[in-house]
Structure formats: C-alpha cells, structure tokens
Amino acid sequence: MAFNIYDFTTLTHNIHVGLAESFSPFMATTIEWVIVGVVYLLFIAVFGLFLVYAERKVCAAFQQRLGPMRVGPWGLLQTIADFIKLLMKELIMPRKADYFLYNLAPFLVIIASFLAIAVLPFAKGLQSMDFDIGVFYLTAVSSVGVIGILLAGWSSNNKYSLIGAMRSGAQILSYELSVSLSLMTMVVFAGSMQFSTIVEGQRDAWFIFSGHIPAIIAFIVFLIAGTAETNRGPFDLAEAESELVAGFHTEYSGIKFAMFFLAEYINLFIISAVAATVFLGGWMPLHFGNLESFNHVMDFIPPIVWFFGKVLFVIFIIMWFKWTFPRLRVDQILTLEWKYLLPINLVNILLMALVVLTKFHF
Amino acid sequence: MSEIKEVIINNDRLATDEYLVNMGPQHPSTHGVLRLLVKLEGEKVLNVQPHSGYIHSGIEKMCEAISYPQIIHLTDRMDYLSAHMNNEAVALCVEKALQVEVPDRVKYIRTIMDELSRLASHQLWWCVFGMDLGALTTFFYGLRDRELILDIFEETCGARMTVSYNTPGGVMFDIHPNFQKRVKEYIKYFKTKLPEYDKLLSGNVILRERTEGIGHLSLVDAIDFGVTGPSGRASGFSCDVRKHVPYSAYPFVKFNEILDHRCDTYARYEVRVREMWESISIIEQLIDNIPAGDYAVKMKGVLKLPEGEFYQRVESARGEFGVFIVSDGKKNPYRVKFRSPGFSNLFALNNMAKGHKIADLVAIMSTLDLIIPDIDR
C-alpha cells in the first residue's frame, strides 16, 4: 500500500479494494462509513480544540498579552484541560425548559457542521463525498444549524436566549443569501458545482487571480457574510455578551455548551475552508503562468499543507477583525446585508457572467 | 421576578407584544449590580426603569458614627475610580469649616493626583466602553496604561485604588522622591499611547454608526436631570466645577472646559477622550512647579467642626461630587449627604434610551460611566 503525500487517491482506493476483498459489499461499505466517521470525529475534535487555542493566542497577541501559558508548553494543553472540565461539569437545565427540544438543539447545530464538512476536499483524493452539486449541498446543510440555534433559544425559556435566537435567525437567514450568491458567482466562473472540479480548475491560477475583479468582490462579500453566518464578531449579535449575556446558549452548561462552542469553531473552519477551496485554489499549489522552476518548487509542498495553510490564513483574517472591530447593531446588520451586500452580489454575478462570456479572464 | 408578576397581574389590558426583561442585577454590561427593568418591543426599548440599592452600604449613615478623618476612608468606597476626588471633597469641606488654609504644596499634590485619577478613570471607562460595544481589545489597551498610574499611586501612598491619600489639612505623606520623575515619564509615555485609542476605536466606522445620533440628551434635559461631568458637558452644559468654583490648584492652571453640542453618545465619548488631553496638560503645568513646604497643616487630634452646615463640591471623573455636612459641634457629624454624580446621571437614562435598540441602551449606559456603589452609596 504505497503512501503518497501528494495524491491520496491510491491510498483510499487500496483501502477500499482491501475491504471489498475481505468482506461482503454491505460490510465493506459499513466499515468504510465507520472509518470515515471516526476520522472526521477525531479531526473535528482535534482541529476544534486547536482553533480554540489559536483563537486565544491570536486574541492575546492583539491584546498585548500572552494568552494561556500554564498548562503544557505555551499553554498547548489548556484547551484540552478546558474540554475535560466541560465534560465533567453538571448539566443544568431550567425547570420550565422544553425537555425534548432543549436537548435536541445542540445536536442539530453540531450535525449541521458535520454534514457540511463532508464535502470539503482536503487534498487530492482526500474527500469523502464528491457530489456534482457540492456547493449547493454545502449551502443547504450549513443552514440547518440555524434551526438548532432557534430551538436552543426558544426551548431554554429564557428571555435573553429568545432575543439571541431571534437575532441569530434573522441574521443567518439573511446572510445565507450572500454566502450562496457569492459562491454562485464562482460557480458561474468555474462552470461546476463539484468541489473537485472547482479545485482542478485552479491548477494554473487560483480563481481569485484568474477571476480578477468580480472574484475579489465575491471573496470579500463571502468573508463578511461567512463571518456573519458563523455568528462571529463583529457580527456576534446572537451571543452579544454585553447585551444578552450569552445569547441563545445562556442556559446550556457542560458538554451541551461545549457542543455549541465546538460547532462555532467548526463553522469557522468550514467557512474558511470553503473560501480557501473556491477562491484560493483549495489544495492546489501557487502557480504563476510560465515560471516553471517556481511552479516546481511550489509543487514540492504537499497539497495538504497548502490547504491548511490557506485555511489558517483565512481563519487568521476572520479572527483579526473579530478582535479589532466593535459589534454592529441588529438593524445595521440587516441593512448591511439587504441594502449593500445583496445588490452588490447580484450585480457581481452579472459582471462575472459577462467576464465568462467575453472570456476576459486569465 | 415578583415585580414582573405583579406588573403582569395588575395590567388587565396586557399588551402581548411587550417584553419585560430584567437587565441586572447580574448582567455583564451593568458593571456591578444595577438592575434595569427594560420594557421591550422586539429589539426596541420602550421604557427603562432603573432600580438601585443592590449594593447599598449605608455610607452616609455610617459617617454619622465616625470622626471626620475617618469619613475620608469611606468615601473611597463610593466612586472607587475617582477615590482621590471624593477624599478631597471631604477634606476640603472640613478645612472650609475649620477655616484652615492649606499650603500650596498640598494644593499642587492634590490637583496632580486628581488629574491622574481622572486619567485612570477615563482610561478604564474607555476600555469598558469598547467592550460594551463588542470591541474587546480596547480593554487591554486601557488597562495597560491605567496600571502604570496605579503604580504611581502605590508608590505615593501605598494603595492602588482606594487611595485615602487626603486628610483634613493636607495629605497623609509627602510625595515619594520619584514622584515627579515618574509622572513626567508617564505623561511622556501616555502622550504616545492616547493617539492609539483614536486609531483603534474613535475613527472606526462601526463605532461611528453605533454612536452618532444615538441617545440624544438635550441641554434642557441635561440641566433638568442634573447630568454633570463629561456626560453633561457633551450636551453643552457648562458644568465643570474646576472651572466655575475652582478649588485646590485649579486657579493656577490654564485648561479648557471641553464642551460639545452634539448631545449624542459619540459626543460623550469624544468629550472624555479630549478630557484626557486636558488632564495631561494640567499635570504638565503643575508637575515641575510643586512648591516646597509642608505636606500638611498640623491639625488637632480630635476635629470638631463648628455648628452649622457646610457644602463642598469637586469635579470627580463622573461629574459634580458634593459633600454636605451638618455639624452640631461634636467630633462626628450630625448628618452627611453626598451628592453623587452617578445617581443623577443614571436617571437620565430612560429619557435617552427610549425608542432605541437594546444595543444602544448598553452603549448609552456605558457613556454615562456609571459606578454602582456611587449610585447606591
């Protein structure tokens, strides 16, 4: 079983063939499901914890302090310690909360994140589902999360939670449009909704370069709308601490709170990963038209490093503006979406269509 | 809870689209234990009813049982961010009653400490204001600079916040030999840091959108509610006690009373930031000219005020702070009343916040710079 860091197709193919030879087709599929599920679970847990740590370090850097330093070297084990603490904490439920919905909500939120992560191509051949409607699927499942948030706010039987949930409902539903439309702009350019095709299309130049002006506009709109959709600052209205205490998850504790918390970071990863895949070439190395030697050097860096490098870059940008800007007000957030981002997006799609029609791209 | 129930039960024409929310006593943005009963319609604030008294400690009553020098130590605990000004008000009041003239050195030291406290208080307000608006980074910028002022306080009198540095007739101890050097160093340092505040927050488009035109408090309302300090001056109410009834070393210095006529949250924000520049200039004028002399007048062991009523006001970081002492000639006062700026400022909140959003209510409350023990006393 040859292991090639530049191409995972053979590895996954070999695993599949090996399983298919040893078990019945049904068993083989089931085992594959389990393997994929466990891998994703592990990935989400580890990467989520890493993001929490990264966020704390990044925000500490912006705030002229060190961040966690005590647990483990440079505080590396801090988030693990926090997670263990959350696991062991008592689950407190308000007496008048709606039992079923209250307990369902965190699962819905995290399931939405899990579903969305399935279509992301991490490297060549490292993708569990490769639909021909990948982009469409992603926007569809990522909006399932808002149901969880609304349920959490409603079932907690807490006034702050309800206000938080209403805010987040209005916000996520609005910004869903911008996220989808800015992705659609790039779908027009790529001519496909399949993530693998989109990435393949960026072999020679990333879409943000080859699609020039409309792609850059779409990228900025996507970053803004994506941040808003993940409920992160400066759009963190749903959990605006100074206004609503903790918003929709005020009444959650222990592992259920951890789920909301983890889901937030997974969503941050998803938004960044989609931005990296659609605009910044996914796992494709940086190539410049005819600089052969430069391109070869870039090829030498494994795709998985490229992918995570880009993702972390986008995550850093999103964290940067979270820790710099004040929060918007609820009416301003809706004004921004409906009066500015949406018209810009619609015009941008037309612009992109013109660019594609006239072949005015690189 | 029972109050909400009462409201609901007694209101037979219960409007279904109104939403009563208890903001506080435990709420991140009430900065202590202030309780606001907020009536909402969706996000819109219909009415704000402040309920104070959750940290009432009976300071005025306690003052009746203790001697005048001891009262000073209680005033620290009211507006703990302008502790030095509060101390000074009592000290000045007692000196006025006993007709004691303090040496110039004391006046200079007091004024420098006043302005340092004002800087520290405005810095902390700036951190918290940013945080209330969701910009969490401001918190650490402000605290970074405030910490150095507290270090100077610590060196001067041993305490960082509740300084209790004043005493009737002067100050507790002479300034530390390093005092002048450190203050000068600090001023030089802070002059490079204050523009950072503007860079980080003042010019931010989101902040402007959030604050401009929000929480309008007209000049008439400001005077009616007795809103003083930076909040009142942002409504064009010329109410700076330092300017109108100068005390300590304020007659010796040149400074501007910062007035703004925009009356909104942003004006209140800007007035405070500009006041920091004024404080810097006042300290610069005084720090090199501290005259030699005694740091306190020799006072009697037991102070007995003559029979009568005495009032002294000072400009604390939040507004006009007044001490009213009724004496019957004994060693402790017959009655003490403090006029705290926070109390008057708080009750203009409803007027300002009505019709705005919840987020605006938080921003408005933040620009009033409320200190809850100052309100409840």
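Here are some friendly notes on this predicted model, chain by chain and sheet by sheet.

1. **Chain B overall.** A good place to start is the inventory: chain B contains 16 helices and eight strands. Its C-alpha trace spans about 70 × 50 × 35 Å along the principal axes. The radius of gyration of chain B is 21 Å, and a compact globule of 377 residues would have a value near 21 Å, so the two agree.

2. **The sheet β1-β2-β3 of chain B.** Three strands make an open, antiparallel sheet here, in the order β1-β2-β3. Its edge strands are β1 and β3 (44–51) of chain B, each of which pairs on one side only. From one strand to the next, the twist averages 20°.

3. **How β2 and β3 of chain B are joined.** Strand β2 (residues 35–41) of chain B runs antiparallel to β3(B), and seven bridges join the two. If you would like to follow the register by eye, B:Leu37 is opposite B:Gln49 in β3(B), and B:Arg35 is opposite B:His51 in β3(B). The hairpin formed by β2(B) and β3(B) has two residues between the strands, and B:Gly42 adopts a positive phi near 65° in this hairpin.

4. **The sheet β6-β7-β8 of chain B.** Another open sheet has three strands in the order β6-β7-β8, again with antiparallel pairing. Here β6 (308–315) and β8 (335–339) of chain B are the edge strands, and each pairs on one side only. The twist in this sheet averages 10° from one strand to the next.

5. **Pairing and packing around β7 of chain B.** Strand β7 (residues 320–327) of chain B pairs with β8(B) in the antiparallel sense, over five bridges. One pair to look up is B:Gly322, whose bridge partner in β8(B) is B:Arg339. A helix also packs here: α4 (residues 83–98) of chain B lies across β6 and β7 of chain B, and α4 runs at about 145° to β6(B).

6. **The helix pair in chain A.** How do α1(A) and α2(A) lie relative to each other? The axes of helix α1 (residues 9–22) and helix α2 (residues 25–62) of chain A come within 8 Å and cross at roughly 140°. The two helices are therefore oblique to each other, and their crossing is right-handed. A caution on wording: angles have to be over 145° to count as roughly antiparallel, so "oblique" is the word to keep for α1(A) and α2(A).

7. **Residues where α1 and α2 of chain A meet.** On the α1(A) side the contact involves A:His16, A:Leu19 and A:Ala20, while α2(A) brings A:Pro25, A:Ala28, A:Ile31 and A:Glu32. Sorted by class, this contact has five nonpolar residues, one polar residue and one charged residue.

8. **The interface between the chains.** Which parts of chain B touch chain A? In total, 26 residues of chain B are in contact with 23 residues of chain A. At least two residues of the side of chain B that touches chain A come from each of β1 (19–23), α5 (104–132), α6 (137–157), α8 (205–211) and α15 (358–368) of chain B. By class, that side of chain B has 13 nonpolar, six polar and seven charged residues. Strand β1 of chain B thus links two of these points: β1 contributes to the side that touches chain A, and β1 is also an edge strand of the sheet in point 2.

Technical notes. Residues are numbered from 1 along each chain as its sequence is written. Chains are lettered from A and ligands numbered from 1 in the order in which they are written. This is a predicted model: local features need pLDDT of at least 70, side-chain atom pairs count only at pLDDT 80 or more; totals for chains, interfaces and linings use all residues. Axes are lines fitted to C-alpha atoms, for helices over the stretch in contact, and angles run from 0 to 180 degrees between N-to-C directions. Helices (H or I, at least four residues) and strands (E, at least two) are DSSP runs, numbered from the N terminus. Angles under 35 degrees count as roughly parallel, over 145 as roughly antiparallel, 65 to 115 as roughly perpendicular and the rest as oblique. A crossing is left-handed if the near helix is turned anticlockwise from the far one by less than a right angle, and right-handed if clockwise. Two residues are in contact if their C-beta atoms, placed from the backbone, lie within 7 Å. Ala, Val, Leu, Ile, Met, Phe, Trp, Tyr, Cys and Pro count as nonpolar, Asp, Glu, Lys and Arg as charged, and the others, Gly among them, as polar. Two strands pair if DSSP finds at least two bridges between them. The radius of gyration is taken over C-alpha atoms; the globule rule is 2.2 Å times the number of residues to the power 0.38.
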